[in-house]
Amino acid sequence: MSLSIFDLFKIGIGPSSSHTVGPMWAGNRFLLELESRNLIDATEAVEVGLYGSLALTGHGHATDKAIILGLLGETPDKVDPDEADGLFASVRESGTLRLFGRKPIPFRESEHLVFHYEALLPKHSNGMRFTARDSAGRAIHEETYYSVGGGFVVSDAEAEAGDDDPGRNVALPYPFESGDELLAIGRDTGKTIAGIVIENEKTWRGEEEIFDGMRNIWAAMEGSIRRGCQQDGILPGSLKVKRRAACLYRELAERPEASLKDHLAVLDWVNLYALAVNEENAAGGRVVTAPTNGAAGVIPAVVAYYDRCVAASSQDGIMTFLATAAAIGMLYKKNASISAAEVGCQGEVGVACSMAAAGLTAALGGSNEQIENAAEIGMEHNLGLTCDPIGGLVQIPCIERNTMGAVKAINAARLALKGDGTHFVSLDEVIETMHQTGKDMQAKYKETSQGGLAVNVVEC
């Protein structure tokens, strides 16, 4: 499996990459399959079944809205977040869904979008089954998809073949499957980790397109920080969580001299950046999966810290940060998981922390060995992190958890930069440990809202 930088960083909408972005892509993909088979006109009904974690926390993660938007022909990277709720509401109110926005079919959620709370599909806990029927009620096309984390979606056949990203099995100049292989390539070629990833990326696109794409990713991250710092009010959902970023931003901006007395005041800004992004995510706004929506605030917060708080920061440094972070994310995607429904939040905030630690170390001039060390530290101290969202919403503890992931990443980078790159536990070993820990973790701690804080905190 060959992965791109832009597989790890995708522009989409909140609140979840696995439960919102992935299902929207699945709905859109099913629509395209109907069109490719010339079945749009013959389709008089579409039924969707949601299974496992998608069913258990789907309402809180806006999976229902995502499925409907996908069937309307919308995609996560193009849909206008400000119009998404209106499109969803119009289908609910009218009882009619227009495939590709043109072919009307009846769509009543109680009948056509079924949450199977007690059932699991065999290949992943985030399963969806789509069925198109003709006027006689006969199934004319059926497909099962799995949302496997970070917005990645695979069909049943692709999951059976173990292909998380069909079409990516191409020859790369510097293929790597492990951290050890990545370091060996660096030693043999003299290239940095970022340089290795950029050379691989040229398999798909030119250098100018690569850097334009990364600049767009950073612009989208900055945009989510900026919007989050401007929005007051209450987040959607039953918890009625108050947005805090705007108030914190005003407090910090109005009293800049406070930093002269408190040498840790920079952490308030890091916390702000992460809060801003994840409040935008929780509100269904536009964010970048990094590598997931639930962990979308960690990397932007650490890049913003580098950009705004490090004297020697540069645009080249930001590009190095993102390319390096992507390399680390690829290792987790290939050898473990970035899905909280599969391995708990260690696969989301833990992976984001590891990626951010590596990226910051690279941007600050660290060696490949120091980068690998930072990535290992970032995950080692997130091992066992559960996913237990209260009310099935990506809010508590998810929003604050991103601030903790960002601060841990900065400290991991600082620790690694104080050493020479030698350390006891390798990145590969910690990735495998994370994978095993996820397998051993009870299902109730994997994005089901059936354990942990989700059952011990009473919703008010």
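Two strands count as paired here if DSSP finds at least two bridges between them. Keep that in mind for this predicted model, where strands E6 and E7 form a hairpin with five residues between them. Below is a quick tour of the strands, then the charged side chains, where a search of the whole structure turns up 26 salt bridges.

**Strand E6 and its partners**

- Strand E6 covers residues 126-133, and six of its eight residues are buried, so the rest of the structure largely encloses it.
- One partner of E6 is strand E2 (residues 45-52), with the two pairing in the antiparallel sense over eight bridges.
- To find your place in that pairing, look for Gly49, which stands opposite Arg129 in E6.
- Strand E7 (residues 139-149) also runs antiparallel to E6, and seven bridges join the two.
- Here a handy marker is Thr131, whose bridge partner in E7 is Glu142.
- In the turn of the E6-E7 hairpin sits Gly137, with a positive phi of about 85°.

**The E3-E4 hairpin**

- Strands E3 and E4 form a hairpin too, with three residues between them.
- In that turn, Phe100 has a positive phi of about 55°.
- E3 (residues 96-99) and E4 (residues 103-106) pair in the antiparallel sense over four bridges.
- Arg98 stands opposite Pro104 in E4.
- Side chains alternate along E3: Leu97 and Leu99 point to one face and are buried, while Thr96 and Arg98 point to the other and are not.

**Salt bridges, pair by pair**

- As background, side chains of opposite charge can pair when their charged atoms come close.
- Glu199 and Lys202 form a salt bridge, their closest N and O atoms being 2.9 Å apart.
- Glu199 counts as partly exposed, at 25% relative accessibility, and Lys202 is partly exposed as well, with a relative accessible area of 33%.
- Arg205 forms a salt bridge with Glu201, and there the closest N and O atoms are 2.3 Å apart.
- Buried means under 20% relative accessible area, so Arg205 counts as buried at 18%.
- Glu201 is at 1% relative accessibility and therefore counts as buried.
- Arg215 and Asp212 meet through their side chains in a salt bridge of 2.7 Å, N to O.
- Because Arg215 and Asp212 are three residues apart in helix H10 (residues 207-228), about one helical turn separates them.
- Arg215 is partly exposed, with a relative accessible area of 39%, and Asp212 counts as partly exposed at 32% relative accessibility.

**A salt-bridge network**

- Beyond those pairs, Arg227, Arg243, Glu279 and Glu280 are linked in a network of salt bridges.

**A negative surface patch**

- Glu251, Glu254, Asp262 and Asp268 form a negative surface patch.
- Patch residues need over 30% relative accessible area and no salt bridge; Glu251, with a relative accessible area of 44%, is partly exposed.
- Glu251 is found in helix H11, which spans residues 245-254.

How values were computed. Residues numbered from 1 in each chain as written. Predicted model: local features only at pLDDT ≥ 70, side-chain atom pairs only at ≥ 80, totals over all residues. Heavy atoms only, no water. Patch = residues over 30% accessible without salt bridge, like charges linked within 9 Å, V, L, I, M, F, W, Y side chains within 5 Å. Areas by Shrake-Rupley, 256 points an atom, 1.4 Å probe, with all protein chains shown as cover. Salt bridge = Lys/Arg side-chain N within 4 Å of Asp/Glu carboxyl O. Lys, Arg positive; Asp, Glu negative; His and termini not counted. Charge placed at Lys NZ, Arg CZ, Asp CG, Glu CD. Buried < 20%, exposed > 50% of the residue type's maximum accessible area, 1.4 Å probe, protein only.
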